[in-house]
Amino acid sequence: MIYFDHNATTQVDDRVLETMMPFLKMFFGNPSSLYRHGRLVRSAIDSAREQLAALVGVQPTQVIFTSGGTEANNLALTAIKSESKLAISAVEHPSITEPAEHLASLGHELKLIGVDRNGRVTQEAIAEIIRYRPALVSIMLANNETGVIQDVAHYAHQLRDKGIIVHTDAVQALGKIQVHYNHLGVHMMSLSSHKIYGPKGCGALIFEKGVGLKPMLFGGGQEQTLRAGTENVPAIVGFGKAAELAGSELAQRAEHLLKLRKLLEDRLTVIPGMSIFSKEAERSPNTVQFGIEDMDGEMLLMKLDQKGIAVSSGSACASGGGKPSQVLAAMGVAAGLAKSAIRISLGKANTEAEIIEFTNLLETLVTPG
Ligand code: PLP
């Protein structure tokens with residue numbers, strides 16, 4: 001199989017798996033237990049917290065482990081004060097848009113922050129949002145569909161100055177570009193393990209003390225009482241190791257991905273009717289989303305699947321729904337072209353030979369006759 005869907009999920013790195021294994025069998029104690037077998041496991045969680053904190057430049061006490069990026073995003077939005085307004089970018093992942101819509105159904109006013117035709121939040125949209133006076137704003141760092149990187153640091157600075165709480169979903173940025181919490185200047189940041197060659201079902205919210213987070217789960221003192229429930233120890237330990245590797249290998253991974261992305265884009269551009277979305281924007285080195293005039297993205301996905309190539313026709317959660325991507329709609333992409341969208345998201349094990357095989361096949365699939 002040629003796997004080109006790393007924004008959906010990644011394969012656990014062997015070194016991560018090796019680190020996790022003892023915590024499934026040998027060190028199975030409950031980290032809350034006071035005897036040695038529990039304390040040992042507690043200290044493994046502490047080490048994982050330190051590894052993740054080091055990757056994004058925060059204190060370990062600013063890390064709340066969650067069940068993934070979705071939970072981290074939901075938890076972040078609990079910081080909204082009662083009867084206050086909320087604003088999110090028009091290209092957020094459903095794990096932000098849906099809890100935001102839920103808050104709107106409970107009486108919070110909600111506004112979308114517009115993007116330009118390349119999917120970038122604009123300075124004008126930020127100025128408008130500042131006039132709107134929301135209590136909390138969420139702008140993602142890297143988009144899961146287009147790979148577009150937002151200038152979060154620039155906007156967070158302006159919003160913070162006005163007393164607005166700022167959250168960023170950095171799930172798709174971690175491990176692909178430098179993600180430094182203090183440089184971004186946000187109050188909260190969501191991360192996920194399975195996008196960086198760690199196990200599924202684990203993520204984290206990085207937060208600033210006093211931001212006003214409210215627990216969604218009650219019944220235990222874990223994670224500073226912000227996330228009750230016995231910790232998923234093997235996954236947390238794996239996430240820590242994946243974070244350490246993402247830090248030490250970032251430059252080398254990014255260089256490899258960028259080289260592959262360039263080859264991919266050079267070969268895509270010669271295909272008739274081809275549009276690469278967000279081409280003029282700064283993007284994650286691993287992501288290319290494109291559309292081909294008069295093609296059906298889902299149909300193309302199936303044909304590629306038959307040949308053993310895994311791609312996405314949009315975001316993993318949105319695909320199969322049959323609806324054109326909301327991200328592309330927000331960018332003003334016509335519905336017909338949006339329905340032809342295919343997303344390629346590369347990973348560290350992909351090769352130039354795979355790009356060549358894929359583009360050769362794509363060309364034969366989209367050429368009439
Ligand atoms: N945020 C973004 C931008 C994502 O792409 C995803 C997953 O696709 C998530 C959040 C959700 O993360 P998780 O799968 O860990 O819940």
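This passage describes the ligand shell and a nonpolar surface patch in a predicted model. In this model, local features require pLDDT of at least 70 and side-chain atom pairs count only at pLDDT 80 or more, whereas totals for chains, interfaces and linings use all residues. Residues are numbered from 1 along each chain as its sequence is written, and side-chain values use heavy atoms, with hydrogens and water left out.

The ligand is surrounded by 14 residues, a residue being counted if one of its heavy atoms lies within 4 Å of the ligand; the closest are Thr 70, Asp 169, Gln 172, Ser 192 and Lys 195. Helix H3 (residues 69-77) supplies the largest share of this shell, 3 residues, where helices are DSSP runs of H or I with at least four residues, numbered from the N terminus. By class, the shell has 2 nonpolar, 10 polar and 2 charged residues.

A nitrogen atom of the ligand lies 2.6 Å from an N or O atom in the side chain of Asp 169, while ligand oxygen atoms lie 2.7 Å from such an atom of Ser 192 and 2.8 Å from such an atom of His 194. The protein covers 89% of the 390 Å² of accessible area that the ligand has on its own, as computed by the Shrake-Rupley method with a 1.4 Å probe.

On the surface, Leu 17, Met 21 and Leu 24 form a nonpolar patch with about 280 Å² of accessible area together. Met 21 is located in the loop between helix H1 (14-20) and helix H2 (36-56), and has a relative accessible area of 45%.

Methods
Patch = residues over 30% accessible without salt bridge, like charges linked within 9 Å, V, L, I, M, F, W, Y side chains within 5 Å. Salt bridge = Lys/Arg side-chain N within 4 Å of Asp/Glu carboxyl O. Helix = DSSP H or I, 4+ residues; strand = E, 2+ residues; numbered from the N terminus. Buried < 20%, exposed > 50% of the residue type's maximum accessible area, 1.4 Å probe, protein only. Polar contact = N/O pair within 3.5 Å; in protein donor to acceptor, adjacent residues only side chain to side chain. Nonpolar A, V, L, I, M, F, W, Y, C, P; charged D, E, K, R; others polar.
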